[in-house]
Structure formats: structure tokens, C-alpha cells
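Open the model in your viewer, keep the sequence panel beside it, and follow the stops below in order, selecting residues as they are named.

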Amino acid sequence: MTQYLSGGMKTFGDYRDRENPLNLYQATKDMVDRSFFIPKDKMPGIYSHVIEYPQGKMAGADDFFYWQIMDFGQGPTLRVDHVTIFPGTYGAIQSVLADKQLYASRYIRLSLQMFYCVQDTQNPGKPGFYLIEMNDSQLPDFGGLKLSVVRKIATSKSVEGTNNTLGLFKRILEGSRTCTGSCGVSPEL
């Protein structure tokens, strides 16, 4: 974290634990450049923040970091993430949040989740918004069967996490801050 906070992903260098080395900075930049969910020309501040943090930090952005232990079925995976809540609106998009993986001890080489709160333009007086989640990730160069199993489990865990997060926000909006079931966060929230 100290290294990342001072110089960003460029300071991480390459993973050389497989046949093909992976430069986390370049691989993340390439993934974002191929995607359509952070258009560099329409959201240059968000693009720069996600790729060039801390040098490209967007004014007013709120950053926090967390770690978690996930189980994809073959033992625990430690993951460290950087979350940013971006200021401002972008047309019908009322709010943007990014969750970028900085490290995972196994299975997922890089990952980026983008969340967009989008106003209902057909019914602008109606309260609420649509939550759109976009995910992109890169898995290691596994062989066929292992790759399909890991991808299936990772997708299932991602959907479960999204459902837990939506449930938490629903409870908060309805006035209940108590967590029941597996909401993936501390019940004290």
C-alpha cells in the first residue's frame, strides 16, 4: 500500500509467476482502453484517476482501500482493492464509483468494477435511479477446464457480492442499518 500510495501501479513492476510476465499497470491500462465503460474522451478525469493514481488523482474524488478474503472453492484468496467515489455528474449518470483490484493472491490477475447511478430519463420526477455495474477482469493463463471452473466461481461470487451490496443499500435507504444474513460487511454498519 505504501508503494502504491506514493507511485501508483507503475511501481509494482511485473508478475513473473507464469510463462508470460504481467505488468499490472500496462495490463490495467490496456483493459480500460479496450473497454467502453470509461470513455477517455468523455470522462478524462475518471480515466486518469483509475489509471494514473496518485499522480492523476481527480480533485474531489473520495478514495478508500480494503482487503478481503474470498474462497473460490480451492482455498482462500486474499484481495486488496482501491475504491473511488467520483464527484460530479455525467449527463444522466448521477454518480460513478470504481473498484480496482490492486492485488490478489491467486486466480484473478486484475479486475475493475465500475458502478453508475443513472437517472430515469423517461420519468425524471420519479425517485430513485438505475444501478449499472460493469466488470472486467483477467485470469491467469490456466488451461481449459481449470479456467472454466475458476471463471464460473468468480462470476458467481461477483453476483453474490453485488446482491449483498444492493441488499445493504436497500436496508440503509429503508432506515435499517442492521445486517442480516451474509451481507459481506460488518453488522455494525
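## First stop: an aromatic pair

Select F65, which at 28% relative accessibility counts as partly exposed, where partly exposed is the range between buried (under 20% relative accessible area) and exposed (over 50%), with a 1.4 Å probe and protein chains only. This is a predicted model, in which local features need pLDDT of at least 70 and side-chain atom pairs count only at pLDDT 80 or more, while totals for chains, interfaces and linings use all residues. Residues are numbered from 1 along each chain as its sequence is written, and side-chain values use heavy atoms, with hydrogens and water left out.

Now add Y4 to the selection; Y4 is buried, with a relative accessible area of 0%. The structure holds five aromatic pairs, and a pair here means rings of Phe, Tyr or Trp (its six-membered ring) whose centres lie within 6.5 Å, called stacked if the planes are under 30 degrees apart, edge-to-face if over 60, and tilted for the rest. Y4 and F65 form one of these pairs, edge-to-face, with 6.1 Å from centre to centre and 80° between the planes. The pair links distant parts of the chain, since Y4 sits in helix α1 (residues 2-7) and F65 in strand β3 (residues 62-71), 61 residues apart. If you add F12 and Y53, you will have the cluster that ring pairs build from Y4, F12, Y53 and F65.

For a second pair, select F36 and F37, which are also edge-to-face, at 6.2 Å centre to centre and 75° between the planes. F36 is exposed at 65% relative accessibility, whereas F37 is buried, with a relative accessible area of 7%.

## Second stop: the whole chain

Switch to a cartoon view and colour by secondary structure, where helices (H or I, at least four residues) and strands (E, at least two) are DSSP runs numbered from the N terminus. You should find four helices and seven strands, and, from the N terminus on, the elements run α-β-β-α-α-β-β-β-β-β-α. Of the 189 residues in the protein chain, 38% are buried. If you turn on a surface, its accessible area comes to about 11000 Å², with 56% belonging to carbon and sulfur atoms; such areas come from the Shrake-Rupley method with a 1.4 Å probe, and for residues only the protein chains shown count as cover.

## Third stop: two helices side by side

Select α2 (24-34) and α3 (44-52). Their axes come within 10 Å and cross at roughly 155°, the axes being lines fitted to C-alpha atoms, for helices over the stretch in contact, with angles from 0 to 180 degrees between N-to-C directions. That makes α2 roughly antiparallel to α3, because angles over 145 degrees count as roughly antiparallel, those under 35 as roughly parallel, 65 to 115 as roughly perpendicular and the rest as oblique. To see where they meet, show Y25, T28, K29, V32 and D33 of α2 against Y47, V50, I51 and E52 of α3.

Which residues of α3 are buried? They are I46, Y47, H49, V50 and I51, and what covers them includes α2, β3, β4, β5 and β6.

## Fourth stop: the nonpolar core

In soluble globular proteins, nonpolar side chains tend to be buried together. A nonpolar core is a set of buried Ala, Val, Leu, Ile, Met, Phe, Trp, Tyr and Cys residues joined through side-chain atoms within 4.5 Å. The largest one here has 30 residues, of which I38, I46, V50, L112, M114 and Y116 touch the most other members. Two or more residues come from each of α2, α3, β4 (76-86), β5 (93-104) and β6 (110-118). Centre the view on V50, which, leaving aside neighbours within four places in sequence, is in contact (heavy atoms within 4.5 Å) with M9, V32, I38, F86, A98, K100 and L112.

## Last stop: two loops

Select P54, found in the loop between α3 and β3, and look at the peptide bond that joins Y53 to P54, which is cis, with omega about 5°. Then add G8, in the loop between α1 and β1 (14-15); G8 is buried, with a relative accessible area of 1%. The C-alpha atoms of G8 and P54 are separated by 5.7 Å, although the two are 46 residues apart along the chain.
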